[in-house]
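The following exercises practise the reading of a protein fold, from its overall make-up to a single residue. Please attempt each task before reading its solution.

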Amino acid sequence: MDGREQAAMDAVRSYGAALRRIRVRLFAAYPELTDLSDLLAAVRSARVMPREGRSTTGIDYCVHGAGCRMTDEQGTEVDVDLVDGVEAFDGWRVQAFLAGHGDDGFSVDELHAACSRLAGRGELREVRALRWYAL
């Protein structure tokens, strides 16, 4: 493995760490919700939450299409979709996260390959082959 491949894996790990941190803070504000599917249902079906909002823990959220974008007070943004009932992300979402940090040096294909390598090591779970991954 070359240095660029390692750097891409580290970039995906950085996205994963931010997703964990922001997700925990968002759901801490809504103890009745345990995951993204609950949030989507609260917005779409039950209509007890607005599509966009800010949690009491300071996380902005925006429910869209099949998922949700979450942003902390420093502007760190992570995005996940509900894929086959699992909160998942792809290389495009990782690339958008990195661009928000001034690091847009990896292609989506490089990030997908990094995700695939991390899944092979047991650090991620492959939800759909070579496309969607989960923590």
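Helices (H or I, at least four residues) and strands (E, at least two) are DSSP runs, numbered from the N terminus. The model used here is predicted.

**Exercise 1. Secondary structure**

Determine how many helices and strands the protein has, and state the pattern they follow along the sequence.

*Solution.* Step one is the count: the protein comes to 4 helices and 7 strands. Step two is to read these elements along the sequence, which gives the pattern α-α-β-β-β-β-β-α-α-β-β.

**Exercise 2. Overall dimensions**

Compare the radius of gyration of the protein with that of a compact globule, and describe its extent and surface.

*Solution.* Begin with the expected value: for 135 residues, a compact globule would have a radius of gyration near 14 Å. The protein has 15 Å, which agrees with this expectation. Next, consider the principal axes, along which the C-alpha trace spans about 50 × 30 × 20 Å. Finally, the accessible surface comes to about 6,700 Å², and 50% of it belongs to carbon and sulfur atoms. As for the interior, 44% of the 135 residues count as buried.

**Exercise 3. The sheet and its helix**

Establish the strand order of the open sheet, identify its edge strands, and describe how helix α1 packs on the sheet.

*Solution.* The open sheet has 5 strands in the order β1-β2-β3-β4-β5, and their pairing is antiparallel. The edge strands, each of which pairs on one side only, are β1 (52–54) and β5 (86–88). From one strand to the next, the twist averages 25°. Now examine one pair: β1 and β2 (residues 60–64) are joined in the antiparallel sense over 3 bridges. Within this pairing, E52 has C62 in β2 as its bridge partner. The last step adds helix α1 (residues 3–28), which packs on the sheet and touches β2, β3 (67–71), β4 (77–83) and β5. The direction of helix α1 makes about 80° with that of β4.

**Exercise 4. One residue**

Is T71 buried or exposed? Locate T71 and name the residues that it touches.

*Solution.* First, T71 lies in strand β3. Second, apply the cut-off: buried means under 20% relative accessible area. T71 has 15% relative accessibility and therefore counts as buried. Third, leaving aside residues up to four places away in sequence, T71 touches G58, I59, D60, T76 and E77.

Notes. Residues numbered from 1 in each chain as written. Predicted model: local features only at pLDDT ≥ 70, side-chain atom pairs only at ≥ 80, totals over all residues. Heavy atoms only, no water. Pairing = 2+ DSSP bridges. Axes fitted to C-alpha atoms, helices over the stretch in contact; angles between N-to-C directions. Contact = heavy atoms within 4.5 Å. Buried < 20%, exposed > 50% of the residue type's maximum accessible area, 1.4 Å probe, protein only. Rg over C-alpha atoms; globule rule 2.2 N^0.38 Å. Areas by Shrake-Rupley, 256 points an atom, 1.4 Å probe, with all protein chains shown as cover.
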